[in-house]
Amino acid sequence: MPEKPIKGEKRYFMTGNEVVAYAALAAGADIMYGYPITPQNEIMHYWTRLAPRYGKDFLQTEDELSAGFTTVGGVLAGKKSFTATAGPGNTLMQEPVSMAEAMRLPIVVVIQQRGGPSTATVIYSQQEVTMTTIGGNGEGFRIVYSTATHQELFDYTIKAFNAAWKYRFPTFVLGDGYQAKMRESLTMYDPEEKGIPIVPSEPYVGKPGVPGVDRPPGQYRNTYNVEEELYEVVENLARDFNAIAPEVAEYESLEAGRSDLVVVSHGVISRAVKEAVSELREAGASVGYFRPVTLRPLAEKELRDAANKAKAMLLVESANGQMARLIKDAAYGCKAEMIPLYKPGMGITAEEVAAKIRSILG
Amino acid sequence: MEAYVGEYASGKSEVAVNRALMLSRAGRRVTLVDLDIVEPCYTLRPIKKELTAAGIQVLAWETRDTVGLGETGNVLRAENRWALKRPGDIILDIGYGVEGSRTLNLLEGASEDPDLKVVAVINTSRPMTGSVREIVDYVRQLGRVDMLLNNTHLGDETTAETVQEGARFVAGAAESLGVPVLATAAVEEVAAVIGFEDCVGNPVWPIKRYMPHTLW
Amino acid sequence: MSLQLAMPKSWRVDTKPHKFCPGCGHGLVLKALGQAIDELGIQDRTVYGCDIGCSLLSWDFFNFDSIQTHHGRTTPVITGLKRANPNLIGIAYMGDGGGYAIGSQHLVNAASRNEKITVILVNNTQYGMTGGQMAPTTMPGQKTETSPYGRDPEKTGYPTQGPEMVAAVTREGAYVARGTVSNPRQLRGFIKKALENQIQGRGFSFVEVLSTCPTNWRTNAEETWKFVEKEMTRYFKVGEIKVPEPRHEEGK
């Protein structure tokens, strides 16, 4: 048996894409399927270099439709399977993801967001929020972790595999081109040594025994005859998803229930927001922040609580209101006024956020 | 004439930029060449103007001259191919890639140039080059390497101990590989703590970090 | 320098020098295409589509109407255009990843329907744009960023035989050939015949071109030519594979 990729705990200096490859190994991933697209390529580059050393597999497919559906196949065979993509590749990936959603298949998909619409830029964006949380035909029964640091990329990639196999919903790690390429240090560890149990995988098909003789055949479908049949399926999915939501939802906040203004952001932008808010708080401003870590499901109760206590919420994102739609929907009827700071496809600095906060607080 | 090669994110560009500035400040004529053809980000492009202002000839793309950066931005500039024919000191910043220093094949005259030294930049805080054995294995598959350079650091968390531990690993690897160590590079604050020589007697190059400003 | 004089009439002078790497084969293919179009006098009704990948650098290369499409989708875009206006000459220009991987279904189906368009596919055995990953055309043992230990045909198959596949699924009237940048005269002949086939409305026309990528192969000039002439031809046979009329003699 090949030894474990990571033993003990150690600080490393890495790029985000590498972190994902190592985290997938640490999480016990068995196989990656993928198609080249910037800015996620180095996830594949590192996985292809490392995988054979630890008895893991890789398949480069003909496109992202195929990468998604082969990931579905891997999961059906009981292997921890994942893929990574971005932008137009994420668009193609929506069809396989909707199959996984319908059939409760725990695929793990890492998205490194790039600019849109169309081929656009490969650099950075937060414009894949709508597609990743509720894309495809269906209802968006997925778990989406939006990370902000390399440490989180490591922690949440491991968590994504565990959540996927525990709850059996497709699970995303939503990063971006900055996180993919940026270099910073983090601690890598073996999750089990740290007391994080690895949720085992299990085959859907090909279990031991003769189907129909030793065991019932494993037969799965996503097509129905009448509206009532589908209605029942979707109702069950919704019930199960809503039931796990409070347990899955994660957020981070600072004085969100006690400030006049609460700044809401996710992913890498939340780093700038934290910096701006901390600085202005020290100067005496009544401002806090709320950062959803899971964009799907959202920490709705806590968000509504903040939205009811604050006078205003400033919604900051590198998109034209994609996170804002999720927030406004969850906070419907709450008293806070919603103020946008949207810069689609652009980075946002702490200085810009601070200037906006000052202009609102007067 | 020095070519900096090494693992992804090992600090090749950082060392190359600092080396070019070091030589330029000593009054020498320096050309710095961007030969990163795998990565469209963290290359010299964004600091080209700054370096040119410091008196260095920089052979790198301008963002406005590229189309679909990252989709087709990893292309080699025609001028760079002839870089070795230029007068003065030539510093080559070579990107990572599965065949490492084979990138030198793209330069006219690289194989017969007696002055060219290929320097492998090593950061032992990188998971693929974290031990003597891993460094040796990694450098062996790079192809031609004439010297090693210790660039061990942990970003903002770097201490003298981090760098010294790296110096010991790199020295061990250099011995197995039968090549010398050119230097240990460390940010100025840390270099000041270490002194002129690292714990194994190699010279310390104090450097400034430019590359964090060059994302895309 | 005779570079200016040698430029085909249909090239856009103000976008030259072009943006391809030194030693890249695209320039030679696009020169052959430009010359063929000059000779046929169809610059006024040519519509050119290019894919994602290095081929997109040609989006403003010619003095004819051009569309830079999505990855793998150039064939259906040009098909739709030709269906809507059959007077146009539609050219879909792409790489091996765009044509044989992500766009393979479009290639197979456009060929099967005998669409009256011309597809020119540049084969340089890897994905140049994204930094040199394995492509369907990568040869056994060849190292790329996603086959770092060399392509293992037992695991990932042998290089796609594109023209042979297209020849197998097309009806009579189709034109299929494989040219190489190491024989530009022959290549120009193949491309011209492919375009003539479209002009005459006979059927699908397809030319694969063996091309060079010294940047990602990390090869010097000598090794580059050796690779294209000696290595690539071990897996990819140059010549006309399906012709609707007597064989083209040019370049023999």
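Helices here are DSSP runs of H or I with at least four residues, and strands are E runs of at least two, numbered from the N terminus. On that basis, chain C of this predicted model holds 10 helices and 9 strands. Its radius of gyration is 17 Å, close to the 18 Å that the globule rule gives for 252 residues, so chain C is as compact as a globular protein of that length. The C-alpha trace spans about 50 × 45 × 35 Å along its principal axes.

Now look inside the chain. Of the 252 residues of chain C, 58% count as buried. Contacts reach far along the sequence. Take those between residues at least 6 apart: 69% of them join residues at least 24 apart.

One helix deserves a closer look. Helix α8 of chain C covers residues 184–199, which makes 16 residues. From first C-alpha to last, α8(C) reaches 22 Å, close to the 22 Å expected at 1.5 Å a residue.

How many residues of α8(C) are buried? The count is 12 of 16, so to speak of the helix as mostly covered is fair by the cut-off of 20 or more other C-beta atoms within 10 Å. The buried set includes C:Leu187, C:Phe190, C:Ile191 and C:Leu195. Charged residues are in it too, among them C:Arg188, C:Lys192 and C:Lys193.

What covers these buried residues? Elements of chain C that do so include helix α2 (26–40). Strands take part as well, including β3 (89–95), β4 (118–123), β7 (175–180), β8 (205–210) and β9 (239–242). After α8(C) comes C:Gly201, with a positive phi near 65°.

Definitions and conventions:
Residues numbered from 1 in each chain as written. Chains lettered and ligands numbered in written order. Predicted model: local features only at pLDDT ≥ 70, side-chain atom pairs only at ≥ 80, totals over all residues. Rg over C-alpha atoms; globule rule 2.2 N^0.38 Å. Contact = placed C-beta atoms within 7 Å. Expected span 1.5 Å × (residues − 1).
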